[in-house]
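Hi,

Here is the model I promised to pass on. Have a look at it first, and my notes are underneath.

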Amino acid sequence: MDKIINPVEQIDAAFLYIIGISLVLLTLITITMIWFVIKYRRSKHPVPADIRDNWKLEIVWTVIPTIIALSMFWVGWSSYAGLRNVPKNALEIETIAQMYSWIFVYPDGKETEDEIVVPTGRPIRLNITSDDVIHGLFIPAFRIKVDAVPGVNTYAWFYPEKPGRFFVQCTEFCGVGHADMTAILRVVPPEEFQKWLEQEEY
Amino acid sequence: MPGLIENLPTNSGDNKLENTISFYKTPSPARFTGIGAWLLTTDHKRIGLMYMAAIIFWFVVAIILGILIRTELMSVGTTLMEAETYNALFTLHGVIMIFFFVIPAIPAIFGNFLLPMQIGTDDVFFPKLNLLSWYLYMLGGVLAIFSLFADGPPDTGWTFYVPFSVSTHTNVGLTVTAAFILGMSSMLTGLNFITTLHRMRMKGMGWMQIPLFSWSLYATAWVQLLATPVLSITLLLIIFERLFGSGMFDPNKGGDPVLYQHLFWMYSHPAVYIMILPGMGVISEIIPVFSRKSIFGYKAIVLSSMAIAVAGSLVWAHHMFTSGMSDVAVFVFSFLTFVVAIPSAIKVFSWVSTMYRGSILMTPPLFLSLCFIYLFSIGGLTGLVLGAAGTNIQVHDTHFVVAHFHFVMFGGTGFAFFAALHFWWPKFFGRLYHFKTAYVAATLTTMGFMLHYIPMFVLGMQGMPRRYYDYLSQFETGNFFAGIGAYIMAAGIFLMFINLALSFKNGEKISQDPWGGSTLEWQSPCPPPLHNFVAPPTAPGYPYDFKAVIQKANEPKGTGGGPS
């Protein structure tokens, strides 16, 4: 079996790349601006130069940002591709959003509300739709977010490697209970998951 | 405040400028007097000032709503209000800020007043249509106020996403109608500006002699004219869905809710450029004047305005990466988004380079413009995080987006609006305001702004969604600081407005250009006479030629003289 690449790492690398370059650019622009204002203040520099343009400089500062922007696009796109390509042996869970809760249905028919339990070490694919208005499924810990649209099937996948508790939130405004439309994601070892799956429902 | 500005390039020996009768004393048409001289006027300057009164009113209302929202969010749980009220408040805050303030602020006030002056003419091409646009704006306002009553204010967010906006029982219909009417007003203003720039330029002024503020209004006007009808149709479709259940967006009837999002953003993303382009135009005017040096790369700035207008119309679906649209669409729209980032970067580089070897005089308008460049750069750069597909997924619909667009719309357009107010205030009213207070107000606003929005970037990356009435307890600290920032910022803005208002009482009276501008509006008295110019203005070969200004400033005192 191929090694599964966790998209979280790629996305965090993309954040680092884009924000890092942005901070450098922002610092350069700001320092240059302040330096000019101080150095060329009227009391010290009463006679301005008459410079109207410089096509070489303008080409440089068009081409270099274009290259930077395209590299950012590519980093962003490849990390996104990781979110969309679901590995083969994923556990599929049907996810239905409604005002204002999340329903999860497991392959064996087990149903839960506002709680997903998944085993470690296996990719999880959520097949998402909505019963009423548009909702948004967001699990920040796994960098995934997909809208739940009535009449449309969308999906997201994630790869839980360690046990833990994570929060799931609704991110598409859906009415009075929007902010309360949260769920808990519990990642447990496979044996515990199997035991949980076989339990009687609540 | 004598002596605040040194080396004023005035020619106070010129009695013609001092003794002209200002447009305030000359009603147009002449048969109206008193309040009628305002409400029935076709004078572009009076219409601009009537917009100013209305727009500042709505701006203050929306600031107060914003303060209430942030106060509610300062602690976990119910602080001030229930969820219904909170949802109505953020919807109204968004609708008012976008449709009543950010979109019209600079074009309707400063564009109306200054566009004809910058191209050396006496009015816009359709003066009566101009007045009609103002009445449509006011009608939209009245409807928005009505929508607060009847079935309760709308609670959908300013985006009115279906199916929620169709199924909610609140007063979406009236609010949508108000936005529809405001769209009409915006389109007519755009049409007027395009025609004016084509047909009313003074003799001898070619396209490459038009000042950059007017150029930015031209680019904006095309977007207003071409994109706004899409919004109008979309809003009508919502009304049809609500009244007749037409099913266009209803999956049970074969419709598609995502189609609504496409239609909505097909207008609303270009609208972002309707909002920011005029602000960029303002900055392109202010920086050369206080550097006493030509704008760097005039043609590149003109081209980038037009490029933004065109490319900005092709990136709407970058608001929809999580909507379930195809991955191919995500690829294309993410790519185009990075393309549209480049003309904005070119403008920033040009502004900064304009100051290189200039002769820079610090004034409140310049200070606000520098704040603009800093804040707008942060807004633009965080836009790259949102434009990149993978990172967008994490921060889409979170507080990161809220912070990003406030940096662009408020740190950008808002600060450009403040800068424009301080720059052209003497032109409008013939008064100078108190400089020190203006600096204090601008600093408070900027500091408050940073404390307000920087925590939201962090909150968003940690996963706090937007439009949340309540939140998980780990988000409390960030929200608390954001609230404090909001109070400081609001205090700064109110101080700024009070300072400007006090200029009517205490401000030094001036009758002509206090800054040393090179564009045509500064060739006429402050405030200008009814037909804008005393003598026909001379068209400059290049709008940012400061030779004459420098020459006047260097004349020995006594022959030229200053205001002090």
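How much area do domain 1 of chain A and domain 2 of chain A bury between them, and what share of it is on carbon and sulfur atoms? The answer is about 690 Å², with 51% on carbon and sulfur. Bear in mind that this is a predicted model, and every value below is computed from it.

Let me stay with that pair of domains for a moment. The domain assignment puts domain 1 of chain A at 7-84 and domain 2 at 91-198. Their C-alpha centres lie 39 Å apart, and 8 residues of domain 1 are in contact with 8 residues of domain 2. On the domain 1 side, Val8(A), Leu83(A) and Arg84(A) are the ones to click on: together they supply 64% of the area that domain 1 buries against domain 2, more than any other three residues. There is also 1 salt bridge between the two domains. If you want a salt bridge in chain A to look at, try Arg143(A) and Asp12(A), whose closest N and O atoms are 2.7 Å apart.

The UniProt record has something to say about chain A too, though the entry is unreviewed. It lists residues 15-38 and 59-77 of chain A under "transmembrane region". In the model, residues 15-38 are 100% helix, with the end C-alpha atoms 34 Å apart. Residues 59-77 are likewise 100% helix, and there the end C-alpha atoms are 27 Å apart. Further along, the same kind of unreviewed annotation gives residues 88-199 of chain A as "domain: Cytochrome oxidase subunit II copper A binding". That span comes out as 8% helix and 51% strand, and its end C-alpha atoms lie 27 Å apart.

Now for how the chains meet. The size of an interface is often given as the accessible area lost when the parts come together. For chain B and chain A that is about 6800 Å², 70% of it on carbon and sulfur atoms. Within chain B, Phe296(B), Gln394(B) and Tyr468(B) lose the most area to chain A, yet together they make up 9% of what that side buries. In terms of contacts, 85 residues of chain B touch 71 residues of chain A. The count of salt bridges between the two chains is 2. One salt bridge to look up joins the side chains of Arg52(A) and Asp545(B), at 3.6 Å from N to O.

Next, the inside. The largest nonpolar core has 255 residues, and the members that touch the most others are Phe99(B), Phe110(B), Trp351(B), Phe417(B), Phe418(B), Trp424(B) and Phe428(B). Helix H4 of chain B (residues 83-118) gives this core its largest share, 23 residues. Domain 1 and domain 2 of chain A both contribute residues as well, so the core lies between them. For a close-up, pick Phe418(B): leaving out residues up to four places away in sequence, Phe418(B) touches Phe59(B), Leu368(B), Phe410(B), Thr445(B), Ile493(B), Met496(B) and Phe497(B).

One last residue. Is Thr337(B) buried or exposed? Its relative accessible area is 12%, under the 20% cut-off, so Thr337(B) counts as buried. Thr337(B) sits in helix H11 of chain B (residues 327-354). Apart from its neighbours within four places in sequence, Thr337(B) is in contact with Val315(B), His318(B) and Gly387(B).

Cheers

Note on methods. Residues numbered from 1 in each chain as written. Chains lettered and ligands numbered in written order. Predicted model: local features only at pLDDT ≥ 70, side-chain atom pairs only at ≥ 80, totals over all residues. Heavy atoms only, no water. Core = buried A, V, L, I, M, F, W, Y, C linked by side-chain atoms within 4.5 Å. Buried < 20%, exposed > 50% of the residue type's maximum accessible area, 1.4 Å probe, protein only. Helix = DSSP H or I, 4+ residues; strand = E, 2+ residues; numbered from the N terminus. Domains from an automatic or database assignment. Contact = heavy atoms within 4.5 Å. UniProt positions renumbered as here; feature names shortened; annotations may be inferred. Buried area = accessible area lost by both parts, 1.4 Å probe. Salt bridge = Lys/Arg side-chain N within 4 Å of Asp/Glu carboxyl O.
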